[in-house]
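This report walks through one protein model for a reader who has not seen it before. The sequence and the structure come first, and the description follows.

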Amino acid sequence: MSDVNKEVFNAYEVIKNGGIILYPTDTVWGIGCDATNEEAVKRIFELKKRAESKSMIILVNNDRLLYQVFKNIPQVAFDILDCSDKPTTLILDHPAKVAKNLIASDDSLGIRIVNTPFCYNLIERMKRPLVSTSANISGMPTPVQFKDISDEIKNGVDYIVGLDQEKKSEKSSTIIKLTSDSKVTIIRK
């Protein structure tokens, strides 16, 4: 069994039982759980000491899951994704089939399509979206590599993925908000 497959198996076992994980994403290290599990999402908010009014994002690995969460996706969303040369998070309106405490007060949610082997395969195994939020206490700097993550975060999760712990990533994703009427707002480049 490859390291990726072993880590996917271990992470999935924790997540399916309501646990939270610390894992490498296509950008920075993240804290995650099953995006449909409201209690697990609540635990992440508590661990990060983050107000529930500050939303998190979810990761999917294909258009099928994207359409599972959002029924009406503006065409411009696909145009943006096709033109993006770096990881891009889209904030879209009217999500469904996710934990209510993930949805922002304006009825929107951030989503990113990932294809890194670990994230892709874990989401494929889960058959549902994965929560992703930076691995830091709210208000603290985002860690650029695993060794920068605080012990409070490491000790607060149920499983730490043993991959890419030497990788350094100083870039977060681009964030673009798209409303149902196709209004585009760049939140972060």
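Two residues are said to touch, or to be in contact, when heavy atoms of theirs lie within 4.5 Å of each other. The model described here is predicted. The mean pLDDT of the protein chain is 92, and 99% of the residues reach 70 or more. Among the elements of the chain, strand S7 (residues 159-160) has the highest mean pLDDT, 98, while S9 has the lowest, 86.

**The sheet**

Nine strands make up an open sheet with mixed pairing. Their order is S7-S1-S2-S6-S3-S5-S4-S8-S9. S7 and S9 are the edge strands, each pairing on one side only. Helix H5 (residues 117-126) packs on the sheet. In doing so H5 touches strand S1 (21-24), strand S3 (57-60) and strand S6 (130-134). The direction of H5 makes about 135° with that of S1.

S4 and strand S5 (residues 108-113) run antiparallel and are joined by four bridges. Asp 93 stands opposite Ser 108 in S5.

Gly 110 also lies in strand S5. Is Gly 110 buried or exposed? Its relative accessible area is 5%, so Gly 110 is buried. The contacts of Gly 110, not counting residues up to four places away in sequence, are Met 56, Ile 57, Ile 58, Thr 89, Leu 90 and Ile 91. With Ile 91, the C-alpha to C-alpha distance is 4.0 Å, although Gly 110 and Ile 91 are 19 residues apart in sequence.

**Helix H2 and Val 41**

Val 41 is found in helix H2 (residues 38-48). Because its relative accessible area is 0%, Val 41 is buried. Which residues does Val 41 touch, not counting residues up to four places away in sequence? They are Cys 33, Asp 34, Met 56, Ala 99, Asn 101, Leu 102 and Val 131. Met 56 is thus in contact with Val 41 and also with Gly 110. Arg 188 lies 147 residues from Val 41 along the chain, and the C-alpha atoms of Val 41 and Arg 188 are separated by 24 Å.

**Helix H4**

Helix H4 covers residues 75-83, and its buried residues are Ala 77, Phe 78 and Ile 80. These residues lie on the same side of H4 because they cover an arc of only 160° around the axis. The face turned away from that buried side carries the exposed residues Gln 75, Asp 82 and Cys 83.

What do the buried residues of H4 pack against? They pack against helix H3 (63-69) and against three strands of the sheet: strand S4 (88-93), strand S8 (174-178) and strand S9 (184-188).

**Salt bridges**

Side chains of opposite charge can pair when their charged atoms come close. The structure holds eight salt bridges, and the table gives some of them.

| Pair | Closest N to O distance |
|---|---|
| Glu 13 and Lys 16 | 3.3 Å |
| Glu 152 and Lys 49 | 2.5 Å |
| Asp 106 and Lys 177 | 3.1 Å |

Glu 13 and Lys 16 both lie in helix H1 (residues 3-16). They are three residues apart, about one turn of the helix. Glu 13 counts as partly exposed at 25% relative accessibility, and Lys 16 counts as partly exposed at 47%.

The salt bridge between Glu 152 and Lys 49 links distant parts of the chain, the two residues being 103 residues apart. Glu 152 is in helix H6 (residues 151-156), and Lys 49 is in the loop between H2 and S3. Glu 152 is partly exposed, with a relative accessible area of 40%. Lys 49 counts as exposed, since its relative accessibility is 53% and the cut-off for exposed is over 50%.

The salt bridge between Asp 106 and Lys 177 also links distant parts of the chain, 71 residues apart. Asp 106 sits in the loop between S4 and S5, and Lys 177 in strand S8. Asp 106 counts as partly exposed at 41% relative accessibility, whereas Lys 177 is buried, with a relative accessible area of 16%. Asp 106 and Lys 177 are linked with Asp 93 in a network of salt bridges. This Asp 93 is the residue that stands opposite Ser 108 in S5.

Key. Residues numbered from 1 in each chain as written. Predicted model: local features only at pLDDT ≥ 70, side-chain atom pairs only at ≥ 80, totals over all residues. Heavy atoms only, no water. Buried < 20%, exposed > 50% of the residue type's maximum accessible area, 1.4 Å probe, protein only. Arc of directions from axis to C-beta. pLDDT = per-residue confidence, 0-100. Pairing = 2+ DSSP bridges. Axes fitted to C-alpha atoms, helices over the stretch in contact; angles between N-to-C directions. Salt bridge = Lys/Arg side-chain N within 4 Å of Asp/Glu carboxyl O.
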